[in-house]
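Below is a colleague's note on the structure you sent round, set out as numbered points. Please read it with the sequence and the coordinates open beside you.

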Amino acid sequence: MPSRFPSASFRVFAPGRVNLIGEHIDYSGLSVLPMAIPRGVELTVTVRDDDVISLRNDDERYSPSRFRAAADIEPAPAGGWSNYVRAPVQATVRDHPGRAGWRGFDATIRSDLPAAAGLSSSAAMVVGSGLAFATANELGLEPVAFAELMADAERYVGVRAGGMDQAICVGGTEHCASRVDFSPLRMTAIRVPSRWAFIVAHSLVTAEKAGAARAGYNQRTTECRRALEAIWARVAPPGTADAASYRELLALETDTDALCRLGERELDPVLASRFVHTISEAQRVRTAQIALEHDDLDSFASAMAASHASLRDRFGVSSPQLDRVVELALRSGARGARLTGAGFGGCAIVLCTRDTVSGVLDRMRADYAPRLPRGAQLDDVLFAVTPSQGARVIGPSPA
Ligand code: NG1
């Protein structure tokens, strides 16, 4: 990722993403299957001679913000949008100890991603700003290291997230989904068959990860960890270290049904549900990847259905509105549908064939139109997406 356009002005685009399958397992170190989408965050940047970052958001609800590039940047009050810019700048400065003379920038930021919708607008903001700062300072970027740095950076806003979003935002490939593996981070592009088509459908309920959904999310990361520790203690050979990972557990006990039964027997009901979701979702990612590689739309759709049911029943992150969107999509002729991202509201991803997608969209639009909140546009809550390229410097600013 060369930082091109080190000149005075340039633009950066960072995409949102949908996760096709592998939900709430990235923070357990298990592989996931997202794709970048054409919508995202765009920054129009003018490099400065000093180290000040001055931000303006096109959306008037977000007030301007200004800070200096440093290793310790005072956060804006919790929930402040500029934290998603402060975070990557601070992480980048810390990653280059001893370097002085940082150059800041003036940036105008605009986004066509619905916020708090499970489409990773936060990672798009973090990665886009991180790329802008790196470009302004002519830093060479290696994609995997950059994605890892941006994932660490986003933890500055207080969510113990897994790293999927930053990885796909940096490493997305046009026409492809990516299998993302962790520790070490790796991305493998898998071509999406040209007859497959996708729709994003918003539940019309937001899930503020800087707000209420954060506690629910962080609680699940802790529960998954506790479940792992309890099961590891039962299956690991005597004398093995405690610090196990789900990957090590799955390597030790390859019979996933047996593992799920053990979890149900040994753990309290909440931890058992989280555990069985995690183990079974990891298995579904494997099945779905094979289905994608073999253009087997039916198997992929079945995996999506099972994933949604597990997130609803075992993981408790769906909502009546999300369940309704999934049912509406299937009733409208889609082949598969499931919630995407963290849940607690937000969006569903809908799988169709290319020749039926416009009919499905029309039928879903007819259902949405009378329920649309005041001021909302139908195209912002219901739209087709294609697998797209990751973050990039797209050129000098228009004059
Ligand atoms: P979203 O939907 O963007 O809040 C979150 C996490 C991911 C992953 C998913 C659930 C962040 C930035 N991202 O995504 O890492 O854990 O939930 O699969 O918190």
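**Notes on the predicted model**

1. Charge distribution. The protein chain carries 44 positive and 46 negative charges, and the mean positions of these two sets are 2 Å apart. Please keep in mind here, as in the points that follow, that this is a predicted model.

2. Overall dimensions. Taken along the principal axes, the C-alpha atoms of the protein chain fill a box of roughly 60 × 60 × 35 Å. The radius of gyration is 21 Å, which agrees with a compact globule, because a globule of 399 residues would have a value near 21 Å.

3. Secondary structure and long-range contacts. The protein chain comes to 12 helices and 12 strands. When contacts between residues at least 6 apart in sequence are considered, 72% of them join residues that are at least 24 apart.

4. Burial and surface. Of the 399 residues in the protein chain, 57% are buried. The accessible surface comes to about 16,400 Å², and carbon and sulfur atoms account for 50% of this area.

5. Strand β1 and its partners. Strand β1, which spans residues 9-21, is mostly covered, with 11 of its 13 residues buried. It would help a reader to have both of its pairings described together. With strand β2 (residues 33-47), β1 pairs in the antiparallel sense over 11 bridges, and within this pairing Ala-14 of β1 stands opposite Val-41 in β2. With strand β12 (residues 392-395), β1 again pairs in the antiparallel sense, here over 3 bridges, and Val-12 has Val-393 of β12 as its bridge partner. As background for inspecting these strands, side chains in a regular strand alternate between the two faces of the sheet.

6. Glu-154. Is Glu-154, a residue of helix α3, buried or exposed? Helix α3 covers residues 143-154, and Glu-154 has a relative accessibility of 11%, so this residue counts as buried, the cut-off being under 20%.

7. Surroundings of Glu-154. Once neighbours within four places in sequence are left aside, Glu-154 is in contact with Tyr-84, Ser-122, Ala-123, Val-126 and Gln-166. A further link across the sequence is given by Ala-87, which is 67 residues from Glu-154 along the chain, while the C-alpha atoms of the two residues are 6.1 Å apart in space. I would suggest viewing points 6 and 7 together, since both concern Glu-154, a residue that lies in helix α3.

How values were computed. Residues numbered from 1 in each chain as written. Predicted model: local features only at pLDDT ≥ 70, side-chain atom pairs only at ≥ 80, totals over all residues. Heavy atoms only, no water. Buried < 20%, exposed > 50% of the residue type's maximum accessible area, 1.4 Å probe, protein only. Helix = DSSP H or I, 4+ residues; strand = E, 2+ residues; numbered from the N terminus. Pairing = 2+ DSSP bridges. Rg over C-alpha atoms; globule rule 2.2 N^0.38 Å. Contact = heavy atoms within 4.5 Å. Areas by Shrake-Rupley, 256 points an atom, 1.4 Å probe, with all protein chains shown as cover. Lys, Arg positive; Asp, Glu negative; His and termini not counted. Charge placed at Lys NZ, Arg CZ, Asp CG, Glu CD.
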